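Open the model in your viewer and keep the selection panel at hand. The tour goes stop by stop.

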Amino acid sequence: MGKTIAEKLFSMKSGMDVNAGSICMAQVDFAMMHDVNAPFAIDAFAEIEDGRIFDTSKVAVVLDHFSPAPSYDAAQRHKNIENFSKQHGLKLYGPGEGICHQLLLENGHVGPGDLVAGTDSHTCSYGALNAFGLSVGATEMAVILASGVCWFRVPESVSIELVGALHDGVTSKDISLEFISKLTEAGGVYKSLEFHGAGLTSLTIDSRIVLCNMASEVGVKSAVMPCDKAVNDWRAERGMPVRTGIEADSDAVYSNSLTIDLSALKPKIALSPVIEDVVDVDEMAGAPVHQVVIGSCTNGRYEDFEQAAGYLRGRHIADSVRLILVPASRQILSKMVQEGLVQTFLDAGAMILPPGCGPCAGIHGGLMADGEVVLSTTNRNVQGRMGSKKADIHIVSPATAAISAVTGKITSPI
Amino acid sequence: MEIIGKAHVFPVDNLNSDYIISGRYLGKAKIDDAIPHLFEELSPGFFDRFSPGDIILSGWNFGAGSTREHAPLLLKKSGIGAVVAKSFSRGFFRNGINLGLLLVETDWMNITDGDLVKINMEEGYLSIPEKELSFKTRKLAGIAEEIHKSGGLLPYFKQHREQFKIR
């Protein structure tokens with residue numbers, strides 16, 4: 001019987017022949033913790049006698065959710081995490097460097113065939129580079145820091161085949177909202193999404209990251225894509241070595257499958273407060289918007305801002321709207337400066353926050369008041385996620401977000 | 001071991017960890033300060049009605065979304081007797097087991113706020129004696145049960161460190 005990418009990966013990392021449903025101990029190739037869960041992981045690590053980091057070159061610590069520190073408590077939290085990182089010789093990305101997932105991808109910490117553990121539910125983003133990203137909790141992270149190993153259940157896999165090509169103005173975010181509405185919020189629990197198809201080949205790495213990232217919203221253990229030419233070209237451009245990665249067998253067994261025809265998709269919107277409540281943007285056209293957020297680990301990459309700039313160049317946002325941009329990393333912001341996007345955005349009336357998580361997790365950087373509506377390119381729209389629980393959060397693509405900022409109303413980019 | 005506690009019912013599926021504890025409380029320097037804000041978004045005043053030993057019941061995919069360990073940790077620190085759901089999200093399940101929180105999976109129905117819930121994991125049932133209701137609870141799989149019996153992942157790791165190696 002053939003194996004899925006997940007089954008092959010866990011067989012390699014556990015040194016045993018495992019299949020979906022097996023429970024195994026597996027070697028972690030890279031571990032990441034960020035400033036939400038790190039304090040607990042540090043406390044738990046302190047309880048382990050003779051606790052030494054399994055391999056300091058395989059760990060990164062990122063200050064992204066509370067960056068720059070919005071309060072005394074957050075500043076102190078950062079100081080404690082910084083001290084731990086220094087004491088143990090761990091790579092620390094400080095405030096303003098960017099969001100953990102983008103930093104791990106663009107700095108080559110994760111690559112094809114890797115098993116990566118991170119204390120964040122969007123760790124599945126690494127699947128775009130054929131790496132298997134698993135979200136873990138803080139206590140698990142402490143054990144991984146000490147041993148490099150954790151227990152895992154090998155997941156069943158869902159096959160998602162992409163066919164056809166996207167129309168202009170339709171993005172991979174719209175594809176992700178389509179599969180979320182089809183699979184539902186619990187449709188991926190304990191499973192791995194495995195993407196295939198000619199439609200996938202046509203997507204850039206930036207676009208692919210969006211699909212793996214949003215897999216988190218159907219409850220997955222992980223999401224993964226093949227290691228094709230685009231993956232190695234992307235890595236080569238950044239001076240990273242070519243890898244073969246892990247391929248699924250042609251007779252691999254999937255728990256269920258879904259085919260999405262990209263050419264049939266229109267821009268989508270996930271309505272507050274349920275992520276699987278997805279309709280075409282057209283159905284909501286004309287509804288008022290008070291704030292637009294473009295950024296996050298989902299849609300804060302250069303491609304997203306380039307696309308948004310296409311709708312904002314030479315225009316100004318509506319008087320009734322606040323437009324907040326949050327690049328996912330300093331590298332991305334730097335390219336935005338070089339390519340003149342920053343000037344375009346400032347002329348259009350946008351605010352640009354330092355690279356990091358921004359308002360996505362409701363901590364700081366553009367929270368909402370009662371009765372307001374935010375169109376956001378982030379990933380979650382539950383009540384209270386971004387400030388007031390009486391604010392509506394609708395999730396959209398950067399294209400829909402940008403054009404709607406100009407009109408002040410929900411507007412389809414096509 | 002048998003536990004008995006008063007029911008607090010959240011009759012919804014996909015109860016998000018943002019609803020267990022909102023992002024606005026993640027930055028508290030003293031984690032205990034966040035406990036009174038549990039379930040604040042869904043059920044204002046929840047903590048005033050809650051007493052240690054009480055039991056929460058909810059639907060499918062409890063704890064969806066963020067893997068913030070604050071969610072199970074605050075529930076544990078609140079003194080909760082058990083969290084009962086038709087199923088758990090992967091992140092909440094792992095974190096809960098790793099912290100030694102009692103997580104009970106069962107297809108419960110007709111339970112309402114204030115009912116006295118009796119749980120016996122060894123015998124595998126959850127019951128409401130007053131309503132003559134009884135439901136079978138699902139057994140924890142393999143290592144999850146061992147971790148739970150050890151009281152969480154840290155004690156388990158300390159006792160079984162040799163298992164955390166790849167040969």
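Begin with P68 of chain A, which sits in the loop between β3 (59-62) and α3 of that chain. This is a predicted model. Look at the bond leading into the proline: the peptide from S67(A) to P68(A) is cis, with omega near -15°.

Next, select P273(A), in the loop between β12 (268-270) and β13 (278-280) of chain A. Here too the bond is cis: S272(A) and P273(A) are joined with omega about -5°. Most peptide bonds are trans, and most residues other than glycine have a negative phi.

That brings up two phi values. Go to S296(A), in helix α10 of chain A. Its phi is positive, about 90°, although S296(A) is not a glycine. Is S296(A) buried or exposed? S296(A) has 27 C-beta neighbours inside 10 Å, so it counts as buried; the cut-off for buried is 20 or more.

Now jump to N110(B), in the loop between β4 and β5 of chain B. N110(B) is another non-glycine residue with positive phi, near 60°. N110(B) counts as exposed because it has 9 C-beta neighbours inside 10 Å.

Stay in chain B and show its strands. Seven of them form an open sheet in the order β4-β3-β2-β1-β5-β6-β7, with mixed pairing. Which strands stand at the edges? They are β4 (103-105) and β7 (133-136) of chain B; each has a single partner strand, so one side of each lacks a neighbour in the sheet. From one strand to the next, the twist averages 30°.

Zoom in on β5 (116-120) and β6 (125-128) of chain B. They pair in the antiparallel sense over 3 bridges. Find I119(B) and look across to L126(B) in β6(B), which stands opposite.

Back to chain A. Select helix α8, residues 205-214. Of its 10 residues 9 are buried, so the helix is largely enclosed by the rest of the structure. Among the buried ones are R208(A), I209(A), V210(A) and L211(A). Add the packing partners of these buried residues to the selection: α4 (100-106), α6 (172-183), β9 (191-196), β10 (222-224), α10 (296-299) and α11 (302-312) of chain A.

Keep α11(A) and add α14 (398-407) of chain A. These two helices pack at about 30°, with their axes 8 Å apart. They are therefore roughly parallel to each other. The crossing of α11(A) past α14(A) is right-handed. From α11(A), the contact uses D304(A), Q307(A), A308(A), Y311(A) and L312(A); from α14(A), the residues include P398(A), A402(A), I403(A) and V406(A). By class, the contact has 9 nonpolar, 1 polar and 1 charged residues.

Now select β7 (149-153) of chain A. In β7(A), 5 of 5 residues are buried. Both faces are covered: V149(A), W151(A) and R153(A) lie on one side, C150(A) and F152(A) on the other. Show β1(A) as well; it runs antiparallel to β7(A), and 5 bridges join the two. Q27(A) stands opposite V149(A) in β7(A).

Finish between the chains. 43 residues of chain A are in contact with 42 residues of chain B. On the chain A side, β1 (23-27), α2 (38-46), α3 (72-88), α5 (138-147) and β7 (149-153) each supply at least two residues. α5(A) gives the most, with 5 residues. Colour that side of chain A by class: 17 residues are nonpolar, 16 polar and 10 charged.

Key: Residues numbered from 1 in each chain as written. Chains lettered and ligands numbered in written order. Predicted model: local features only at pLDDT ≥ 70, side-chain atom pairs only at ≥ 80, totals over all residues. Buried ≥ 20, exposed ≤ 12 C-beta atoms within 10 Å, placed from the backbone. Helix = DSSP H or I, 4+ residues; strand = E, 2+ residues; numbered from the N terminus. Contact = placed C-beta atoms within 7 Å. Pairing = 2+ DSSP bridges. Axes fitted to C-alpha atoms, helices over the stretch in contact; angles between N-to-C directions. Parallel < 35°, antiparallel > 145°, perpendicular 65-115°, else oblique. Left-handed = near helix turned anticlockwise from the far one by under 90°. Nonpolar A, V, L, I, M, F, W, Y, C, P; charged D, E, K, R; others polar.
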